[in-house]
Amino acid sequence: MRIGFSLALTQPRGSGGAPPPPPPPNAVVKGWTDAAYFDAGAAGPVFGPGKSIAVALRREAPAGASDVLWGVQTAGGTPGWSLWTDGTWKVSRNGFPIDTLVSSEDAPGTLVTLAITWVAADGSLRFSRNGAAVGSVAGSAVYAPPDGTSVHDLGRWVTAGFPADAFAVAALSAWDGELSDAQLQAVHGTGYDTLHPAGAPTRLLHWHAGRDWDGAAPTSTSGGSSPVTYTVVGAPTREVI
């Protein structure tokens, strides 16, 4: 007597045997100004000790004045955090800037993925740009997380004068834990996305320009275990790549 089985019977199937949906298009959102940005009120990820964030973005123009890309903070920067650049990437925590020393002086059209972990044990920042070897800089122990007075914006600082007009944003991620060095490097390599590496902690927020906004809707809701809904202010634009 022969006993056998068919591998075909063990393959996973989608609902009703339908093929999986196509991946979202690669896209970026750009045209950030003081009057054109995404706003989520006080809702947003707490990037503090033991947390991680990542961005995928494209340089649009030569570097100019300070560009604030993303953050959850008050007008004075306390409490809260922001990711910005004035030639090198910096994280401000309670208004105190931590310089990663990673250049943001890329040629226009260059895609960059930057992943950062705030180490709880010593307050340092660990980071990888486009999958490169992990760097580290000393941090600051002074920090108060965003609260109900903080404003969560993408594409500008909470007050006027520092829009991220030199960049187009493809994706954002925030994790409820520290990414390992290998995971920081693995975030790179997904084109216009930010990868969720194997074994990574819970991803609280994952916003993807090609999936989460059609370029016309008045709101854009992220993925992740704690999704955020951005209100579209003014007229930023979406470009499918």
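**Exercise 1.** Which side chain meets that of Asp 176 in a salt bridge?

*Solution.* In this predicted model, the partner of Asp 176 is Lys 51, with an N to O distance of 2.3 Å. Next, place the two residues: Asp 176 lies in the loop between strand 12 (167-175) and helix 1 (181-186), and Lys 51 in the loop between strand 2 (37-39) and strand 3 (52-59). The salt bridge thereby links distant parts of the chain, 125 residues apart. Finally, Asp 176 has 39% relative accessibility and counts as partly exposed.

**Exercise 2.** Determine whether Arg 58 is buried or exposed, and trace its salt-bridge connections.

*Solution.* Buried means under 20% relative accessible area; Arg 58 is at 9%, so this residue counts as buried. The side chain of Arg 58 forms a salt bridge with that of Glu 239 (2.8 Å, N to O). Arg 58 belongs to strand 3 and Glu 239 to strand 16 (residues 237-240), 181 residues apart. Glu 239, at 26% relative accessibility, counts as partly exposed. Both residues belong to a salt-bridge network that also includes Lys 30 and Glu 60.

**Exercise 3.** Describe the overall architecture of the chain.

*Solution.* Begin with secondary structure: the chain holds 2 helices and 16 strands. Then compare the radius of gyration, 19 Å, with the 18 Å given by the globule rule for 241 residues; the values are close, so the chain is as compact as a globular protein of that length. Of these 241 residues, 47% count as buried. Lastly, consider contacts between residues at least 6 apart in sequence: 66% join residues at least 24 apart.

How values were computed. Residues are numbered from 1 along each chain as its sequence is written. This is a predicted model: local features need pLDDT of at least 70, side-chain atom pairs count only at pLDDT 80 or more; totals for chains, interfaces and linings use all residues. Side-chain values use heavy atoms; hydrogens and water are left out. Helices (H or I, at least four residues) and strands (E, at least two) are DSSP runs, numbered from the N terminus. The radius of gyration is taken over C-alpha atoms; the globule rule is 2.2 Å times the number of residues to the power 0.38. Buried means under 20% relative accessible area, exposed over 50%, partly exposed in between (1.4 Å probe, protein chains only). Contact means heavy atoms within 4.5 Å. A salt bridge is a side-chain nitrogen of Lys or Arg within 4 Å of a carboxyl oxygen of Asp or Glu.
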